[in-house]
Amino acid sequence: MDYTDTIKYLYDSTPLFQQVGGAAYKGGLENTRALDAHFGHPHRAYRTLHVAGTNGKGSCAHTLAAILQSAGYRTGLYTSPHLVDFRERIRVDGEPVSKEYVVAFVERERAFFEPLHPSFFELTTAMAFRYFADRKVDVAVIEVGLGGRLDCTNIIRPDLCIITNISLDHTQFLGHTLAAIAAEKAGIIKPGVPVVVGETTPETRPVFVEKARNVGAPVYFAEEEQKVAQEHGKTAGYAAASVKEYPGLVVELQGLCQAKNTRTILAALPLLAAAGYRVDGKAVREGFAHVCELTGLMGRWQRLRQHPAVVCDTGHNVGGIAYIARQLRQQQCRRLHIVFGMAADKDIPAVLALLPREADYYFTRASVKRALPEGELLALAAPFGLQGSCYPDVPAAVQAALQKSLPEDFIFVGGSSFVVADLLARRDALNLH
């Protein structure tokens, strides 16, 4: 098999949550432990950091990896989902795993894993852990896939755990209250391993305090440790003006949510130092200012064009869209155009209620089975005063928005990671550079 055939085999033979949602979810760690034993417990060969949370965990994981790379560590990074290419999930010093490694891994190991019937994520996690050992990384930043307690990344014993925040998402698996979801995310907290919690609510904070106390883990709350204020417009990123340790810190990621992510990362840095990591101020500044270049991060308030402005963002639940909606209302433009699609298993009315009415909407669907049909989205949006038209796919919707926009307009593309993925996959064809 070549790389294309191998990826198709993985998609067809192992359930992919990205495509089919709940049918791909597997609770329990039996398969994960079997795969881990088969590959010789590779995650024990290097240090790890573990990042969970409803929103912001990808941005935090990438930024931590960028900082560690800048400090001279050979750094693995495991994240999900991918946007354009499967290889985005597994990186060493920003470089995606090679096509040849993916093909060889599947061909060599399929006789073992096929009888297990692992999920796509279980198998991908095993591949990532083995790859990092083969590449002899110093440290790997591991992003939780879903939840925490039963996530197959939760076999590692990291130097540090981070839980960014809790909001309602994947409730069919994690619970229908913030406290229940927090309990699942808190499942990554381990005896003696410090944990940084980025943001809490009255419902979630007691959950983290109790879990940390029960297992004997030091817990730190970033909202008490750090103060960060964004100042947009000074540079390509923003200046985090109120950071005492790094005055004038420039952060490349420009979404409003990034102030809290920055605060979380800054709260984690002293704990990394206490664990023996050598990370100086230059590495911190380099990592924050060049995270996209260093790690390949995409889709976080990513600007693809200037006139008209075209920005995409992977925020896809109430917690993420709340920041996006606020940032959209702040744009100084003649007219706002919003290309929007959602996965059918999200709390769609709650998201639609947040969006600005003063915009032209281009309702569409991503090219995954989980996508809500654009006509249904249009109908659901009408009671919230959101007016627009339907388009059968993301490129058609974006092209229509471009045609109807003047240079001083603003086009936003989002609502789902999959919408952003479809946009980025056709970026060249749409002349977005």
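1. In this predicted model, strand E17 (410-414) is covered on both of its faces, with Phe410, Phe412 and Gly414 buried on one side and Ile411 and Val413 buried on the other. Since five of the five residues of E17 are buried, the strand is largely enclosed by the rest of the structure. The division of these residues between two sides can be read alongside a general pattern: in a regular strand the side chains alternate between the two faces of the sheet.

2. Strand E17 has parallel partners in E13 (residues 309-313) and E14 (336-340), for five bridges join E13 to E17 in parallel, and five bridges likewise join E14 to E17 in parallel. On the E13 side, valine 310 has isoleucine 411 of E17 as its bridge partner, while on the E14 side phenylalanine 340 stands opposite glycine 414 of E17.

3. These strands belong to an open sheet of six strands with mixed pairing, in the order E12-E13-E17-E14-E15-E16. Strand E12 (302-305) and strand E16 (388-390) stand at its edges, and because each has a single partner strand, one side of each is left without a neighbour in the sheet. On average, neighbouring strands of the sheet are turned by 20 degrees against each other, direction ignored.

4. At the E12 edge, the pairing with E13 is antiparallel and consists of three bridges, with glutamine 302 standing opposite cysteine 312 in E13.

5. Helix H17 (residues 394-404) lies across E12, E13, E14, E17 and strand E15 (360-363), and it runs at about 170 degrees to E14.

Key:
Residues are numbered from 1 along each chain as its sequence is written. This is a predicted model: local features need pLDDT of at least 70, side-chain atom pairs count only at pLDDT 80 or more; totals for chains, interfaces and linings use all residues. Side-chain values use heavy atoms; hydrogens and water are left out. Two strands pair if DSSP finds at least two bridges between them. Helices (H or I, at least four residues) and strands (E, at least two) are DSSP runs, numbered from the N terminus. Axes are lines fitted to C-alpha atoms, for helices over the stretch in contact, and angles run from 0 to 180 degrees between N-to-C directions. Contact means heavy atoms within 4.5 Å. Buried means under 20% relative accessible area, exposed over 50%, partly exposed in between (1.4 Å probe, protein chains only).
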